[in-house]
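Visitor: Please take one part of this model and look at it closely. Then set it against the rest of the chain.

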Amino acid sequence: NMLYDIKKRFQFHIELTDECNARCPQCSRNCIVDNVLSPRPDLAKADISFDEYKEIFKGFKYPIKNLNFCGNFGDPVYAKDIYEIIEYSCTDLLDIGNGPGKEFIYIHTNGGMRKPDWWTKFGEMLHKHLPDNHLVVFSIDGLEDTHHLYRVNTRYDRVVENARAFINAGGLAEWSFIRFGHNEHQETEARKRSKEYGFQSFIPIDTHRFWGREKVKFTFNKKPYEILRSSSKASNKKKKQATNYSADVEAARIKSKNEIECRVSSATGRNELFIDCLGDIHPCCWIGSYEYRKKHYTNEVADPHEVTQHEIFNMRTIRNAIKEDLNHIIEDDFFQYILPMSFEVSPCNICAKQCGKTTNVRTDKVREVL
């Protein structure tokens with residue numbers, strides 16, 4: 001049972017940087033210690049340069065279907081060479097027009113950095129190379145008075161100004177809206193504005209990240225903040241799943257044996273690998289996050305929902321695509337045989353939590369085309 005099928009087109013999820021302008025309280029790059037929200041003290045502060053990016057894909061012999069620029073710790077638009085990297089991806093990497101299914105570039109951003117004139121140029125460039133086949137997802141979690149409560153250190157009006165500059169230049173955009181107790185009354189208005197401003201689609205998101213809690217309190221720049229869990233039916237279901245999972249993580253892991261539906265494998269049609277901000281290659285962003293933390297976190301701020309030991313990961317050598325040949329890495333035994341075999345023998349907690357049929361705790365997204 002192989003994870004990847006070299007006869008199918010590949011997809012890549014790429015984290016260009018672990019740097020970000022925002023301070024979202026439920027993001028892995030930030031932590032709340034003694035009630036104060038701040039970036040973690042031990043991030044790598046890494047950024048894939050344009051030269052390194054070309055090095056990763058130099059001589060890559062398989063066709064590429066989709067590129068998804070997102071990641072665990074950073075915002076791709078914060079990466080210094082994002083413009084050149086995206087342009088090169090459009091012109092040199094995507095296997096345009098060959099085979100079934102559209103080729104796509106996705107970019108996820110909080111949209112709060114750079115100026116409208118940069119976003120105009122970015123929109124023009126994407127419109128020129130991939131007029132119908134790109135999507136920039138702007139995370140806008142509320143309106144003028146609520147967006148910044150979760151997207152700490154960003155401003156609603158600035159994000160909307162950037163998004164509109166991008167859209168008006170021919171860029172295709174999506175409005176992503178995480179439901180919270182403090183913004184759910186504004187969802188209808190947000191959907192209305194997204195249509196009015198020319199967004200392609202709107203995604204309301206139910207999150208499990210409160211882990212059974214009703215609220216999260218913290219201070220930022222000496223000001224008190226509080227974010228509230230949504231009261232929706234979907235959010236209550238998420239609360240139940242998260243609570244059940246964290247009640248007995250080991251039981252959830254054992255229960256998932258023989259029922260892991262790996263979301264990035266070729267079996268789901270994804271055939272996708274994750275490249276982190278250091279150029280390290282992982283099967284998915286969840287395993288990538290675990291390995292990054294293991295490698296970098298010296299002053300670990302404990303997360304009770306992440307189990308710290310996974311035996312299977314002691315069996316692998318992390319391979320780096322800037323330094324090694326990506327073709328060889330994909331054919332690695334860990335990806336192709338050891339990991340898929342573990343699903344049947346003894347899955348790790350990450351696989352159980354993210355891809356177990358009855359144990360998964362995933363964030364639900366439903367894309368509404370406007």
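Guide: Helices and strands here are DSSP runs, numbered from the N terminus: H or I over at least four residues for a helix, E over at least two for a strand. The model is predicted.

The loops are named by the same elements. T359, for example, sits in the loop between α12 (349-355) and β13 (364-365). T359 is buried, with a relative accessible area of 7%. Setting aside neighbours within four places in sequence, T359 contacts Y245, A252, K255, S256, E259, A352 and K353.

Now the close look: helix α2. Two packed helices are described by the angle between their axes and the distance between the axes. For α2 (residues 82-93) and α3 (residues 116-129), the angle is about 10° and the axes are 10 Å apart. Angles under 35 degrees count as roughly parallel. The two helices, α2 and α3, are therefore roughly parallel to each other. On the α2 side, the contact uses I82, Y83, I86, E87, C90 and T91. On the α3 side, the contact uses W118, K121, F122, M125, L126 and H129. By class, the contact has 8 nonpolar, 2 polar and 2 charged residues.

An α-helix has 3.6 residues a turn, so residues three or four places apart point the same way. Keep that in mind for the next list. The buried residues of α2 are I82, I85, I86, Y88, S89, C90 and L93. I82, I86 and C90 also belong to the contact with α3. What covers the buried residues of α2 includes α1 (50-57), β4 (64-69), β5 (104-109) and α3.

Y53 is a useful link. Not counting residues up to four places away in sequence, Y53 touches I85, Y88, S89 and L93, among others. Its partners also include I14, L16, I48, L67 and F69.

Next, the core. In soluble globular proteins, nonpolar side chains tend to be buried together. The largest nonpolar core here has 74 residues. F12, Y53 and F122 have the most contacts inside that core. Helix α5 (residues 156-168) gives the most to this core, with 7 residues. Apart from it lies another core, of 17 residues, including I178, I203, F210 and V216.

I178 leads on to N183. N183 lies in the loop between β7 (173-178) and α6 (187-196). N183 counts as buried, at 0% relative accessibility. The N183 side chain reaches the backbone nitrogen of F180 at 2.7 Å. Beyond four places in sequence, N183 contacts D141, G142, T146, F177 and I178.

Elsewhere, turn to backbone angles. Most residues other than glycine have a negative phi, and most peptide bonds are trans. D34 has a positive phi of about 50° and is not a glycine. D34 lies in the loop between β2 (30-33) and β3 (36-39), and counts as exposed at 74% relative accessibility. N258 has a positive phi too, near 70°. N258 lies in the loop between α8 (249-255) and β11 (272-275), and counts as exposed at 54%.

Last, D5, in the segment before β1 (10-14). D5 counts as partly exposed, at 24% relative accessibility. The C-alpha atoms of D5 and G269 are separated by 9.5 Å, with the two residues 264 apart along the chain. Neighbours within four places aside, D5 contacts F10, S266 and N271.

Methods
Residues numbered from 1 in each chain as written. Predicted model: local features only at pLDDT ≥ 70, side-chain atom pairs only at ≥ 80, totals over all residues. Heavy atoms only, no water. Axes fitted to C-alpha atoms, helices over the stretch in contact; angles between N-to-C directions. Parallel < 35°, antiparallel > 145°, perpendicular 65-115°, else oblique. Contact = heavy atoms within 4.5 Å. Nonpolar A, V, L, I, M, F, W, Y, C, P; charged D, E, K, R; others polar. Buried < 20%, exposed > 50% of the residue type's maximum accessible area, 1.4 Å probe, protein only. Polar contact = N/O pair within 3.5 Å; in protein donor to acceptor, adjacent residues only side chain to side chain. Core = buried A, V, L, I, M, F, W, Y, C linked by side-chain atoms within 4.5 Å.
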